Amino acid sequence: MTASPVLWTLDERGVATVTLNRPEVNNAYDGALIAGVLAAMDDLGKKPNLRVVVLRGNGKHFQAGADLKWINGVRPQSAEANEAASRATFEAVQRLNTLPIPTVALVQGGCFGGGTGVIAACDIVIAADNALFSITEVRWGLTAAIIIPQLCDAIGVRQVRRYALTGERFGAEDARRIGLVHEVVPLAELEAAGAKVVGQLLANGPDAMAETKRLALESSFGGMAVDDAAYTRLVHLHSLKRQSAEAAEGLASFAEKRAGNWGGGKG
């Protein structure tokens, strides 16, 4: 392993493995990790033999959402800088969402906040039985604006209205019940389960799968059905909320390991 926040390899079958590589912070995303995902997508997009992308997290956890220290560093910057951070985050998720190649996420341990949006943007999600999920943004006075379309696609508006409002944690079986993951396996069998699905994908026509995925996205509630103007609005709302007084209190409560003092007001 290197110090790069995102690693990727491509085997002779055309199967790429993209690894989130910040295990010291449970693969929480910051600007460098977002840029790494985008760079990996750019590099892999140039490979004519690319057939499948497998996404995984290095260490005990898949992805712990945003690095709140990074968020606190972005907050006091200009509105333009905050929008740029939100736009890059959106683009990383949307690139996964619309990639004309099947994507498979292998999830172990924690998958929180933006991590839930990442897996909702993948075609197939297999979770280990120790996986734990939460759409956490509201706990810190933030919103999940830029991943709401993918989450609505994956689990439906009714489930988003529960889990994105409560911020509660839920296990792998509940994630399967609501549609966030497709399969739950023992942790020791996660890689083998992923390999089985990859084998099934490699047996299919690449162009046929690309067209099937495109048609599915066009027919969905979110995905390609949400136009550029709508996404521009979501990016704006996402960045604006980050700069609110409520977000300042929420992030302070995280840093100080205490409950948020919301006081009945609005940020």
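In the predicted model, helices H1 and H3 cross with left-handed geometry. Two packed helices are described by the angle between their axes and the distance between the axes. For H1 and H3 the angle is about 35 degrees, and the axes lie 9 Å apart. On the H1 side the contact is made by Ile34, Val37, Leu38, Met41 and Asp42; H3 contributes Ala88, Thr89, Glu91, Ala92, Arg95 and Leu96.

Helix H1 comprises 15 residues, 31–45. From first to last C-alpha, H1 reaches 21 Å, close to the 21 Å expected at 1.5 Å a residue. At its start, a side-chain oxygen of aspartate 30 comes to within 3.2 Å of the backbone nitrogen of alanine 32. The buried residues of H1 are Leu33, Ile34, Gly36, Val37, Leu38, Ala40, Met41 and Leu44. An α-helix has 3.6 residues a turn, so residues three or four places apart point the same way. The buried residues of H1 pack against H3, and also against strand E1 (6–10), strand E2 (15–20) and helix H2 (68–74).

Helix H3 covers residues 79–98, 20 in number. Its end C-alpha atoms are separated by 28 Å, in agreement with the 28 Å that a rise of 1.5 Å a residue should give. Buried positions in H3 include Asn82, Glu83, Ala85, Ser86, Thr89 and Phe90, and towards the later part of the list Ala92, Val93, Gln94, Leu96 and Asn97.

In soluble globular proteins, nonpolar side chains tend to be buried together. The largest nonpolar core here has 55 residues, and those with the most contacts inside it are Leu55, Val107, Ile119, Phe133, Leu180 and Val181. H1 gives the most to this core, supplying seven residues. Another core, of 14 residues, lies apart from it and has Val15, Ile126, Ala193 and Leu201 among its members. Beyond its neighbours within four places in sequence, isoleucine 119 is in contact with Phe62, Ala105, Val107, Cys111, Val125, Phe133, Leu180 and Val181.

Arginine 258 is located in the segment after helix H10 (245–255). Its relative accessibility is 33%, and therefore arginine 258 counts as partly exposed. The side chain of arginine 258 forms a polar contact, at 2.6 Å, with the side chain of glutamate 256. With neighbours within four places in sequence set aside, arginine 258 is in contact with Glu249, Ala252 and Ser253. Arginine 258 and glycine 117, which are 141 residues apart in sequence, have a C-alpha to C-alpha separation of 26 Å.

Note on methods. Residues are numbered from 1 along each chain as its sequence is written. This is a predicted model: local features need pLDDT of at least 70, side-chain atom pairs count only at pLDDT 80 or more; totals for chains, interfaces and linings use all residues. Side-chain values use heavy atoms; hydrogens and water are left out. Helices (H or I, at least four residues) and strands (E, at least two) are DSSP runs, numbered from the N terminus. The expected span of a helix is 1.5 Å times one less than its number of residues. Buried means under 20% relative accessible area, exposed over 50%, partly exposed in between (1.4 Å probe, protein chains only). Contact means heavy atoms within 4.5 Å. A polar contact is a pair of N or O atoms within 3.5 Å; within protein, one must be able to donate a hydrogen and the other to accept it, and residues adjacent in sequence count only if both atoms are side-chain atoms. A nonpolar core is a set of buried Ala, Val, Leu, Ile, Met, Phe, Trp, Tyr and Cys residues joined through side-chain atoms within 4.5 Å. Axes are lines fitted to C-alpha atoms, for helices over the stretch in contact, and angles run from 0 to 180 degrees between N-to-C directions. A crossing is left-handed if the near helix is turned anticlockwise from the far one by less than a right angle, and right-handed if clockwise.
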